[in-house]
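Hi,

Here is the structure I promised to pass on. Have a look when you get a minute, and my notes are underneath.

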Amino acid sequence: MFSNRYIFIYSSVMVIIVAAILSSAAMILKPYQERNIAIAKIQGILMAAEIEASTENAESLFDQVILEELVIRQDGKVTGRFSKGQLTDGKDRAFDLNLKTELYNKKQGKPYRVPLYIAEANGGKIYIIPLLGKGLWGPIYGNIALKEDMNTVFGAEFGNDKETPGLGAEISDRAFALQFLDKTIFNETGKFVSITVKKGGVGTMPAADRIHGVDAISGGTITSDAVTKMIDNCLSNYVAYFKSQE
Amino acid sequence: MLHILKARNKMSSEKTEREPLFSLKNRKLITAPLGRDNPITVQVLGICSALAVTAKLEPAFVMAISVMAVMGIGNVVISALRNTIPPRIRIIVQLVVIAALVILVDQVLKAFAYEVSKQLSVFVGLIITNCIIMGRFEAFAMANKVWPSFLDGIGNAWGYGWILIVVAFFRELLGSGTLWGYQVVPNAWYIDNGGFYANNGMMILPPMALITVGVIIWVQRYRTKELIEEN
């Protein structure tokens, strides 16, 4: 039989060896994973602009389509501009901003900045806004593109890491994102109302509000509500900027 | 506990004489799980992931390869350590080995097959709870030498994998009209283009995976009468 001492030593050594193997693997693979994540981010942004990009052509398409990347402060002032591969204003490129940190700063009441991508589509400008929020089991994210009026949705795209497959994870489905087309984020008096993912369906909303709502996912209420919250939390950062542009 | 240990010692002492790498017994380790001892159709294990990742051929294939890596390497590790593992914590040791291997597989997929890893999402992590793996560690690798254990792991993973691939083949073909992402049903056949054909949306949903597995079990039992229980 094995003594208690043996068991303790055995398990400690085992844990240390496993930890060493896993952490070195994570370090070696990190650069590859980060590149994949950056490409996925680009694909998401392009998807909101209704452009489907493959892993290979994503970066070159992004350079073609995106006219300008702006860094926008919480009061709506532009503090950074990046266009045609060059930083023309400010210190940081919008693409490199960490949305998670910025949204955390917002929650803490500290100053924060958010990225905005301006692209050209169908002869007009579109404004692409990245989204990030908290789902039921993990992060949810996406991009939403607004038409030149900075009010009507041009396209949207959502993704998730850990939502329940078949229920909450359905937000990543194209059909869910397509519901957002032509919805508006400001009401007729010019007040910011965001877009609500409505449990029970848009049909249960007052007729005047239906232009600001989409159907929720059956069986995915918490994730659906999380999408509502995410859109509201992220779009509201741009209201001051949009007002200043009118 | 003691009699298990004794039985184990007896087993390992019986096999002292050297046998060829691919002896009849060793070949059986690979072939039995493909048919008569199949983990999915006969033992009905690992059904959860079999339902979830088989809507398309590519994720099913990657899942099969991932399980094969975890099971082949895991069986070897457990078998190599089998005489040092204290029986009282053997389940913990097995779980640590599985968990470590699954995390490695997940990281590698994220680095080199990002799209597929996104499609597999939580199911790569759920390989940890795939009962086939711990079942093989406990039932085979803990009591056998390294080489037979490796064959047993590969055999069982392939027994799991081929069912996944067959199910995915039919689900993707009938549900999406594609195979490995390539269109196989001619576009002109579709009703939208003036044809007569429509994809069966139900094939995409998990219930049809269960029914497809059921059909495979049916065919297998029809062909192998010994599998049919009496009464």
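Below is what turned up when I went through it, chain B first.

Before anything else, keep in mind that this is a predicted model.

**Chain B on its own**

Chain B has ten helices and two strands. Going along the sequence, the order is α-α-α-α-α-α-α-α-α-β-β-α, which puts the two strands just ahead of the last helix. Along the principal axes, the C-alpha atoms of chain B take up a box of roughly 70 × 45 × 35 Å.

One helix pair in there is worth a look: H2(B), residues 24-31, and H9(B), residues 146-176. Their axes come within 7 Å and cross at roughly 30°. Angles under 35 degrees count as roughly parallel, so that is what H2(B) and H9(B) are to each other. On the H2(B) side the contact is made by Asn26(B), Leu29(B) and Ile30(B), while H9(B) brings Trp147(B), Pro148(B), Leu151(B), Asp152(B), Ile154(B) and Gly155(B). Sorted by class, that contact has six nonpolar, two polar and one charged residues.

**Where B meets A**

Here 25 residues of chain B touch 24 residues of chain A. The two chains bury about 2,100 Å² between them, with carbon and sulfur atoms giving 74% of that area. If you want three residues to click on, try Arg88(B), Gln107(B) and Tyr114(B): they supply 22% of what chain B buries against chain A, more than any other three residues.

What about polar links across the interface of chain B and chain A, and how many salt bridges are there? The rule finds zero salt bridges there, but there are seven residue pairs in polar contact between the chains, both partners at pLDDT 80 or more. On the chain B side, the elements that give two or more residues are H5(B) (90-112), H6(B) (114-120) and H7(B) (122-125). H5(B) gives the most, with ten residues. By class, this side of chain B splits into 17 nonpolar, four polar and four charged residues.

**Salt bridges elsewhere**

Over all chains, a search of the whole structure does find 13 salt bridges. As background, side chains of opposite charge can pair when their charged atoms come close. One pair to look at is Glu59(A) with Arg35(A), whose closest N and O atoms are 3.6 Å apart. Glu59(A) sits in H2(A) (residues 58-65) and Arg35(A) in H1(A) (residues 4-48), so this salt bridge ties together parts that are 24 residues apart in sequence.

Cheers

Terms used:
Residues are numbered from 1 along each chain as its sequence is written. Chains are lettered from A and ligands numbered from 1 in the order in which they are written. Side-chain values use heavy atoms; hydrogens and water are left out. Axes are lines fitted to C-alpha atoms, for helices over the stretch in contact, and angles run from 0 to 180 degrees between N-to-C directions. Helices (H or I, at least four residues) and strands (E, at least two) are DSSP runs, numbered from the N terminus. Angles under 35 degrees count as roughly parallel, over 145 as roughly antiparallel, 65 to 115 as roughly perpendicular and the rest as oblique. Contact means heavy atoms within 4.5 Å. Ala, Val, Leu, Ile, Met, Phe, Trp, Tyr, Cys and Pro count as nonpolar, Asp, Glu, Lys and Arg as charged, and the others, Gly among them, as polar. Buried area is the accessible area (1.4 Å probe) that two parts lose on being put together, summed over both. A salt bridge is a side-chain nitrogen of Lys or Arg within 4 Å of a carboxyl oxygen of Asp or Glu. A polar contact is a pair of N or O atoms within 3.5 Å; within protein, one must be able to donate a hydrogen and the other to accept it, and residues adjacent in sequence count only if both atoms are side-chain atoms.
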